[in-house]
Protein chains: 2
Amino acid sequence: MAEKSYDVVGIGNAIVDIIARCDEGFLSKRDLAKGFMRLIDAAEANRLYEAMGPAVERSGGSVANSIAGLASFGGKCGFIGRVAADQFGGIFRHDIRSLGVDYDTLPATDGAPTARCLILVTPDGERTMNTFLGASVDFTADDLDANLLEGAKIVYLEGYLFDAEAARRAFAKAAALAHGAGRKIALTLSDSFVVERHRGGLQGFIETQVDLLFANEAELLALYETADFDEACEQLLRHCELAAVTRSEKGSVVLTKGEMLHVPAETVEKVVDTTGAGDQYAAGFCFGLSQGRSLEVCGRLGSLAAAEVIAHYGPRPQVSLKELAAKAGL
Amino acid sequence: MAEKSYDVVGIGNAIVDIIARCDEGFLSKRDLAKGFMRLIDAAEANRLYEAMGPAVERSGGSVANSIAGLASFGGKCGFIGRVAADQFGGIFRHDIRSLGVDYDTLPATDGAPTARCLILVTPDGERTMNTFLGASVDFTADDLDANLLEGAKIVYLEGYLFDAEAARRAFAKAAALAHGAGRKIALTLSDSFVVERHRGGLQGFIETQVDLLFANEAELLALYETADFDEACEQLLRHCELAAVTRSEKGSVVLTKGEMLHVPAETVEKVVDTTGAGDQYAAGFCFGLSQGRSLEVCGRLGSLAAAEVIAHYGPRPQVSLKELAAKAGL
């Protein structure tokens, strides 16, 4: 029996973002695919950092960003993910704890430093991410806290972690613990390159363990190797009881039991930085679900949170999402 | 003979800022004097950081901010200041070098970590600074690079460093080197509490070594222990050939040879964060001076740079000050 109850507990990469502006030429010169995430090693991280302009550092990580958003909505949350015992690890720990999130994963005292993501923001607001996984990769099933997982209404897993074998095993254990306690498992596909790398593993995990899937259009198409959105949705519905697929300014589609619910995007005056858009959509959706709201309201809470975050730099909300939702009558 | 020539070389604290929003109650509960800087030790830095909300990290340091502004105007600059060989030190080094500034002070490999400033920004945009000097205090005359100092039109010194005895001695040596090469010494008073702590030392240094003084109104009044602005200006004119005194929204006053030149402030739509206002004023003024512009233009370049920086979070310009000046017809 879990000692505490949570709306959502997340498992993901514990990352510090290093964010700098750049022009389109900076990306093309280095063959960087705009809008995507690629994994880099320590040497490439150093080379790219040397070449980047002045930067700003702040906590990131996809599911960690969602958990920060959930806390801003007023949700009770926990997070599991590995940092190193260094200054960037201290930043990550401070920021997530200061939001009232329970975070107790022990920092690694040897091995790689805390993970970092070098984020290049072009003038159109698109972000191109270069991730050095560092200590995040040292995450194993031993880091799972059964009390957290069994006490959560939803356990939310980060697709990016499929790149680390020990983390994939940890996901299987987390799903078993959560389902054993009658809890729901949510997963985000994270990135279409991740889907390309782990298509089979992800399909199997979704079919057997996932109750709620988050994906954007490109990720969903990659999952089923099709260019036809409707066909991909049909396939997904056969394997997953609930899914939310984001489509940028076209809003999102919520799929459940043969139904498709279209949710419009919120209007944004000026898109400054798209980093965290999907993460905050998931935050709003999961918060609604944890509060027993209708799927339409869940989708609208997702749109609301995504709109807030793309109107400023950085992947986490800068205002209270709870107040924003109240103002919007949600 | 110096190998390279510079418009300005700065000597200051090498600091990483940790910036978080807070409400007025957070300050009053802790007796923090809004708008001022106080020095804190490692233990207090940890306590305050624990209590602060989620933060953003970026390079700071008063004179380092000015050097970043000068580089944004297109000035050729160098910087001298001590970090530790840690992740925050890496942030500081990367950010200043990526602006094209020469920065080669060796990082400290033992002793205190890189200096940090915990900056609390209240809803009115005022910043309250809590500085742990860390490795900055290990700065000594041995860190001075004669090539840099003798090659600079202006050597710009940070008043905050008067809090460290070895740094005060380094200032004396720097002034001797610069003056020996026919260069100018500029100094910023930094903070009125610094002036209170080192009034005698600062007065002596100004009278004997300083060619250009930057101060805000409160600092100037503290320097001469008077509440009368005109009287303080008169005193200063007796001791210093050129000074620029900033007065927030009232603009600035440039003092030289018995003359007072009033320079208006630039209009700012919304003040977001006053951090770096004085630093950027000094950047614009020094840039103008290094290019042989009139004192009026120097003051207006200062107002322009200050207006840019207080309209966003963070102490360094986010757009090209060179382009901004061109647009303003300066």
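Me: What do the angle and the distance describe when helix 11 of chain B packs on helix 12 of chain B?
Reply: Axes are lines fitted to C-alpha atoms, for helices over the stretch in contact, and angles run from 0 to 180 degrees between N-to-C directions. This is a predicted model. In it, helix 11 (residues 277-290) of chain B packs against helix 12 (residues 295-310) of chain B with the axes 7 Å apart, at an angle of about 145°.

Me: Is the crossing of helix 11 of chain B and helix 12 of chain B left-handed or right-handed?
Reply: Residues of helix 11 of chain B that meet helix 12 of chain B include B:Ala277, B:Tyr281 and B:Phe285. On the side of helix 12 of chain B, B:Val297, B:Leu301 and B:Ile310 are among the residues met. By class, this contact has 15 nonpolar, 6 polar and 1 charged residues. The crossing of the two helices is right-handed.

Me: Which strand of chain B does helix 11 of chain B run at about 160° to?
Reply: Helix 11 of chain B lies across several strands of chain B, including strand 1 (6-11), strand 10 (184-188) and strand 13 (252-256). The strand at about 160° to helix 11 of chain B is strand 9 (152-158) of chain B.

Me: At what angle does helix 12 of chain B run to strand 14 of chain B?
Reply: Helix 12 of chain B lies across strand 12, strand 13 and strand 14 of chain B. With strand 14 of chain B, the angle is about 35°.

Me: Which strands stand at the edges of the open sheet of chain B?
Reply: The sheet has 9 strands with mixed pairing, in the order 6-5-1-9-10-11-12-13-14. A strand at the edge has a single partner strand, so one side of it is left without a neighbour in the sheet. In chain B these are strand 6 (102-103) and strand 14 (259-263).

Me: Which residue stands opposite B:Ala215?
Reply: Strand 11 (residues 212-216) of chain B pairs with strand 12 (residues 242-246) of chain B in the parallel sense, over 5 bridges. Opposite B:Ala215, in strand 12 of chain B, stands B:Val245.

Me: Over how many bridges do strand 5 and strand 6 of chain A pair?
Reply: Chain A also has an open sheet of 9 strands in the order 6-5-1-9-10-11-12-13-14. A:Gly78 stands opposite A:Asp102 in strand 6 of chain A. Strand 5 (residues 77-80) and strand 6 of chain A pair in the parallel sense, and the number of bridges is 2.

Me: Why is chain A as compact as a globular protein of its length?
Reply: Chain A has 13 helices and 14 strands. Its C-alpha atoms fill a box of roughly 50 × 40 × 40 Å along the principal axes. The globule rule gives 20 Å for 330 residues, and chain A is as compact as a globular protein of that length because its radius of gyration is close to this, at 18 Å.

Me: Which C-alpha of chain B is nearest the axis that relates the two copies?
Reply: Chain B superposes on chain A by a rotation of 180° with 0.0 Å of shift along the axis, at an RMSD of 0.0 Å. The copies are therefore related as by a two-fold rotation axis. The C-alpha nearest that axis in chain B lies 2.4 Å from it and belongs to B:Glu57.

Me: Which element gives the largest share of the side of chain B that touches chain A?
Reply: The contact takes 18 residues from chain B and 17 residues from chain A. Strand 4 (56-60) and helix 4 (87-97) of chain B each supply at least two residues of this side of chain B. By class, the side has 8 nonpolar, 5 polar and 5 charged residues. The largest share, 5 residues, comes from helix 4 of chain B.

Conventions. Residues numbered from 1 in each chain as written. Chains lettered and ligands numbered in written order. Predicted model: local features only at pLDDT ≥ 70, side-chain atom pairs only at ≥ 80, totals over all residues. Pairing = 2+ DSSP bridges. Helix = DSSP H or I, 4+ residues; strand = E, 2+ residues; numbered from the N terminus. Least-squares fit on C-alpha atoms with pLDDT ≥ 70 in both. Left-handed = near helix turned anticlockwise from the far one by under 90°. Contact = placed C-beta atoms within 7 Å. Nonpolar A, V, L, I, M, F, W, Y, C, P; charged D, E, K, R; others polar. Rg over C-alpha atoms; globule rule 2.2 N^0.38 Å.
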